[in-house]
Amino acid sequence: MLTPSLAHVSVFPGWIAGVTYRRGEGYRCWVINPDFVVLNDGEVYPNGQAAIAAGRLFIHHSLEVEADRGHRS
């Protein structure tokens with residue numbers, strides 16, 4: 001079994017998005033939230049740009065949800 005390699009990392013306040021690559025499989029996105037929970041959407045992407053875009057979109061959406069909760073208090 002081949003070990004995946006880290007292909008890209010992006011850091012946001014309280015969040016980390018990373019992309020791993022495994023030969024013969026493709027790229028996967030991983031997100032670590034402020035509670036240190038590691039999340040993965042289970043998708044395999046054709047390239048690293050698509051994978052990190054998915055992670056950024058997830059984080060952006062999550063930050064919007066957090067902001068909306070703060071405004072409703």
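This passage looks at the sheet, a nonpolar surface patch and one helix residue in a predicted model.

The sheet comes first. It is open and has four strands, running in the order β1-β2-β3-β4 with antiparallel pairing. The edges belong to β1 (5-12) and β4 (38-39): each has a single partner strand, so one side of each is left without a neighbour in the sheet. Strands of a sheet pair through backbone hydrogen bonds, and the pairing can be parallel or antiparallel. For β1, pairing with strand β2 (residues 15-22) is antiparallel and runs over seven bridges.

Leu6 is a handy residue to follow here. It sits in strand β1, and its bridge partner in β2 is Thr20. Leu6 has a relative accessible area of 61%, and because that is over the 50% cut-off, Leu6 counts as exposed. Leu6 also belongs to a nonpolar patch on the surface, together with Val9, Val11 and Ile16. Taken together, these four residues offer about 380 Å² of accessible area. Strand β1 supplies the largest share of the patch, with three residues. So the edge strand that has one side without a neighbour in the sheet is also the main contributor to this patch.

Over in the helical part, Ala53 is found in helix α1, which covers residues 48-72. Its relative accessibility is 41%, so Ala53 falls between the buried and exposed classes and counts as partly exposed. Ala53 and Cys29 lie 24 residues apart along the chain, and their C-alpha atoms are separated by 8.8 Å.

Technical notes. Residues are numbered from 1 along each chain as its sequence is written. This is a predicted model: local features need pLDDT of at least 70, side-chain atom pairs count only at pLDDT 80 or more; totals for chains, interfaces and linings use all residues. Side-chain values use heavy atoms; hydrogens and water are left out. Helices (H or I, at least four residues) and strands (E, at least two) are DSSP runs, numbered from the N terminus. Buried means under 20% relative accessible area, exposed over 50%, partly exposed in between (1.4 Å probe, protein chains only). Two strands pair if DSSP finds at least two bridges between them. Patches are made of residues with over 30% relative accessible area and no salt bridge: like charges are joined within 9 Å, nonpolar side chains (Val, Leu, Ile, Met, Phe, Trp, Tyr) within 5 Å. Accessible areas come from the Shrake-Rupley method with a 1.4 Å probe; for residues, only the protein chains shown count as cover. A salt bridge is a side-chain nitrogen of Lys or Arg within 4 Å of a carboxyl oxygen of Asp or Glu.
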